[in-house]
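Visitor: Hey, I've got a model open and a few things I'd like to go through. Could you walk me through it?
Guide: Sure, let's take a look.

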Amino acid sequence: MNKSVERINLLKPAERPFSEDPTISFTIPAYWYFDPDIYDREKYRVFYRSWHYACHASQLAEKGSYFTTRIHDQNIFVIRGDDGELRGFYNVCQHRGHELVRGTGSTRLIVCPYHAWSYRTDGTLANARNTGTSPEFRACDFSLKPVRVEVFLGMVFVNCDPDAEPFGEMMDGLEEEILGYVPDAGSLVYSDRREYTVASNWKVIMDNFLECYHCHVAHRDLVDLINMDAYSTQTHRWWSSHCSRGPVNADSSAYKVRADVDFSYAAWFIWPNITLWAMPGEPNLSVLQMNPDGVEQTLEFLDVFTTSPELSNEMRDACRYLDDVLQPEDIGLCESVQRGLKSIGYNQGRFIVDDCRSELSEHGVHHFQQLVREALS
């Protein structure tokens, strides 16, 4: 027997039932977080079929401006066309497969650095050297392969699945709820990006985000900032909200904030690996996305949108708290869980869910794990 299979079998005792009722359900098995076969199935059944945050539209304001991103192992770029339209393409030359662009930039003609095949901003082939005498060579056969693109409250989303349900329809009700907390969300601009490498499976990080059962224990500054008595988690088909309408502690140990804001914390989960945050203070919105980089490693980036490209002092303090305190706390928790999941002494846990769905309830985690199970079934 293959050693990896033998190890998985050792760590796969009889599974306890995952129920649609979170109050009686056990969690998904531990091996789902480190099994290469599960990871490979997720690539095709989760990430290639889901909407992925790429960048903010303010980063693509000018014609010819582009931004590269990845959906799992697929390299993609979004570009503002000469006609002003946003389009997304697989970042690969149709000649011999070389990557076309890197990072961010601006160009009115996309030129492959390998053999100089060039493409217009609408993806059509503009020039292919030395093909004039090639029999039956047709430029229309070599246009760049497109991906779906949608803009939601200024955020640019892409999807590899040409038949995917439109983002706005999938996330019905999300826009209205975000605008209820951040009325200026659609007019914010990109301000800052932070990046993190986490030694854990991406699902561990999602599980952690989706409950505040651990907040009183592990995030004392966050608990000092927000009104935990008003904290509520609401689940929907493809998203969930994690918000507190109560008054903020303006003089908290996390950072100082104006006392006139009407909420202390607002966050949303978007299937499969996207989280949005609105921190108390001036109008702001952040995206934290968990991108798989192997079975047991995740690359995170945190994009911050505010009213100006330059962070204010208040938002700089908020970002410093996220970067120096909250993220290190969560990363430490997730890396410890990843190590613990491989213990022979553990296989499944139990969701802690109360009747009133309080801030201590884990029904948000159950909602996410149920979506994972549906995708992989």
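Guide: Let's start at a strand pairing: Y119 has L125 in β8 as its bridge partner. Keep in mind that this is a predicted model.

Visitor: OK. How many bridges join β7 to β8, and which way do they run?
Guide: Two bridges, and the strands run antiparallel; β7 covers residues 118-119.

Visitor: What's the strand order in that sheet?
Guide: It goes β6-β7-β8, an open sheet of three strands with antiparallel pairing. β6 (110-111) and β8 (125-127) are the edge strands, each with a single partner, so one side of each has no neighbour in the sheet.

Visitor: Got it. Let's jump to β15. Buried or exposed, residue by residue?
Guide: Five of its five residues, 274-278, are buried. That goes for both faces: I274, L276 and A278 are buried on one side, and T275 and W277 on the other.

Visitor: Which strand pairs with β15 over five bridges?
Guide: That's β14, residues 265-270, and the pairing is antiparallel. β14 and β15 make a hairpin with three residues between them. If you click on A267, you'll find W277 of β15 opposite.

Visitor: And what about β16, how many bridges join it to β15?
Guide: Four, again with the strands antiparallel. Here W277 stands opposite S286 in β16, so to speak of W277 is to speak of both pairings: A267 faces it from β14.

Visitor: How many residues sit between β15 and β16?
Guide: Five, and the two strands form a hairpin. In the turn, G281 has a positive phi of about 135°.

Visitor: Changing topic: how many disulfides does a search of the whole structure find?
Guide: One. It joins C212 to C215, with an S to S distance of 1.9 Å.

Visitor: What's its handedness?
Guide: The torsion about the S-S bond is about -100°, so the disulfide is left-handed. C212 and C215 are both buried.

Visitor: Where's the nearest cysteine sulfur to C243?
Guide: It's the one on C212, 12 Å away, and C243 is in no disulfide. C243 is buried too, at a relative accessible area of 5%.

Visitor: And C334, what's its nearest cysteine sulfur?
Guide: That of C215, 12 Å away; C334 is in no disulfide either. Its relative accessible area is 2%, which makes C334 buried.

Visitor: Last topic, pockets. How much space lies in the largest one?
Guide: About 530 Å³. It's lined by 22 residues, and the closest to the centre are D207, E211, V337, Y346 and E362. The elements giving two or more residues to that lining are α5 (202-209), α8 (313-341) and α9 (363-376).

Visitor: Which helix gives the most?
Guide: α8, with five residues. By class, the lining has 12 nonpolar, six polar and four charged residues.

Visitor: What's the volume of the second largest pocket?
Guide: About 440 Å³. There, 25 residues form the lining, with T69, R70, N291, L299 and F301 closest to the centre. The elements that supply two or more residues are β2 (65-71), β11 (189-198), β16 (284-292) and β17 (298-306).

Visitor: How does that lining divide by class?
Guide: Seven nonpolar, 10 polar and eight charged residues.

Conventions: Residues numbered from 1 in each chain as written. Predicted model: local features only at pLDDT ≥ 70, side-chain atom pairs only at ≥ 80, totals over all residues. Heavy atoms only, no water. 1 Å grid on protein atoms, 1.4 Å probe; cavity = no way out; pocket = protein on both sides within 12 Å on 5 of 7 lines; lining within 4 Å. Points joined across faces, edges and corners; volume = space filled by probe spheres on them. Nonpolar A, V, L, I, M, F, W, Y, C, P; charged D, E, K, R; others polar. Pairing = 2+ DSSP bridges. Buried < 20%, exposed > 50% of the residue type's maximum accessible area, 1.4 Å probe, protein only. Disulfide = S-S within 2.5 Å.
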